[in-house]
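Please open the model in a viewer and keep the sequence panel visible. The stops below are arranged so that each selection leads to the next.

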Amino acid sequence: MWLSGDYKFEVVHSVQLFAEYIRDGRLKFTHKIKEPITYQDPCNVSRSGGLAEEARYIIGHIAEDFREMTPHGNDNYCCSGGGGAIPMGPPFKRRRMEAGKVKADQIKATGAKIVICPCHNCYDQVRDLSKEYDLGIKVMSFKEIFEEIMYIPEELKAKEEEAGEESSE
């Protein structure tokens, strides 16, 4: 796993946790997203973390039209936003955009309208690449997609106040 150390607790990446929740029936969805979706395999999550297939397991439950980048999984190209490139700020943005052109072309070739990025560096980089290369995509995390399609049992839904009801405060 990418996060190593001597911890007194188990460290689990959200991709692994979400996949387990789906398998256990703890996370359910009302429908699948219809827009074409592709997935950015983050270096630390897929190549170093071994979670490429877990991500695709999740995607199989949330996307009707999933389009793989070529290459993908452990062989996917880096987005060029990691390794501290984004926090280095504006003087390095031009370099990030030039290095990320391969990723932009890879995304564009899928025809996807949504790119799922489970890494914040990738999320910010792909969003910047979309602006730079006019990709016309929406960058989303798994959590953002879950918010749109997650099944919530009636007993767990927030109760709306009835019209005319006054607050106790």
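Of the 169 residues in the protein chain, 40% are buried. The model is a predicted one, and colouring it by relative accessibility is a suitable start. With the whole chain in view, the C-alpha trace spans about 55 × 40 × 35 Å along its principal axes. Among the contacts with a separation of 6 or more, 77% join residues that are 24 or more positions apart.

Next, switch to a cartoon representation. The chain contains 7 helices and 3 strands, and their order along the sequence is α-β-α-α-α-α-β-α-β-α.

**First stop: H1 and H3**

Select residues 14-24, which form helix H1, together with residues 52-62, which form helix H3. How far apart are the axes of these two helices, and at what angle do they pack? The axes lie 9 Å apart, and the angle is about 50°. H1 and H3 are therefore oblique to each other, and their crossing is left-handed. Now display the side chains at the contact. H1 contributes Val15, Gln16, Phe18, Ala19, Ile22 and Arg23, while H3 contributes Glu54, Ala55, Tyr57, Ile58 and His61. Sorted by class, this contact consists of 7 nonpolar, 2 polar and 2 charged residues.

**Second stop: H3 and H7**

Keep H3 selected and add residues 142-149, helix H7. The axes of this pair come within 12 Å and cross at roughly 25°. That angle falls under 35 degrees, so H3 and H7 are roughly parallel to each other. H3 passes H7 in a left-handed crossing. On the H3 side, select Ala55, Ile58, Ile59 and Ile62; on the H7 side, select Phe142, Ile145, Phe146 and Ile149. Which classes of residue make up the contact of H3 with H7? There are 8 nonpolar residues, with no polar and no charged ones. Ala55 and Ile58 of H3 may be kept highlighted, since they are listed in the contact with H1 and again in the contact with H7.

**Third stop: threonine 38**

Move to strand S1, residues 37-39, and centre the view on threonine 38. Is threonine 38 buried or exposed? Its relative accessible area is 0%, so threonine 38 is buried. Show the atoms around its side chain: a polar atom there lies 2.7 Å from the backbone oxygen of arginine 67. To display the wider surroundings, select Phe66, Arg67, Glu68, Met69, Thr110, Ala112, Ile114, Val115 and Ile116, which threonine 38 touches when residues up to four places away in sequence are not counted.

**Fourth stop: alanine 85**

Select alanine 85 in the loop between H3 and helix H4 (93-99). With a relative accessible area of 15%, alanine 85 counts as buried, because the cut-off for that class is under 20%. Beyond its neighbours within four places in sequence, alanine 85 is in contact with Ser80 and Arg96. A C-alpha to C-alpha distance drawn from alanine 85 to arginine 96 gives 7.1 Å, for a pair 11 residues apart in sequence.

**Last stop: arginine 95**

Finish in helix H4, at arginine 95. Arginine 95 has a relative accessibility of 61% and so counts as exposed. Draw one further distance from here, to proline 153, which is 58 residues away along the chain. The C-alpha atoms of arginine 95 and proline 153 are separated by 48 Å.

Note on methods
Residues are numbered from 1 along each chain as its sequence is written. This is a predicted model: local features need pLDDT of at least 70, side-chain atom pairs count only at pLDDT 80 or more; totals for chains, interfaces and linings use all residues. Side-chain values use heavy atoms; hydrogens and water are left out. Axes are lines fitted to C-alpha atoms, for helices over the stretch in contact, and angles run from 0 to 180 degrees between N-to-C directions. Helices (H or I, at least four residues) and strands (E, at least two) are DSSP runs, numbered from the N terminus. Angles under 35 degrees count as roughly parallel, over 145 as roughly antiparallel, 65 to 115 as roughly perpendicular and the rest as oblique. A crossing is left-handed if the near helix is turned anticlockwise from the far one by less than a right angle, and right-handed if clockwise. Contact means heavy atoms within 4.5 Å. Ala, Val, Leu, Ile, Met, Phe, Trp, Tyr, Cys and Pro count as nonpolar, Asp, Glu, Lys and Arg as charged, and the others, Gly among them, as polar. Buried means under 20% relative accessible area, exposed over 50%, partly exposed in between (1.4 Å probe, protein chains only). A polar contact is a pair of N or O atoms within 3.5 Å; within protein, one must be able to donate a hydrogen and the other to accept it, and residues adjacent in sequence count only if both atoms are side-chain atoms.
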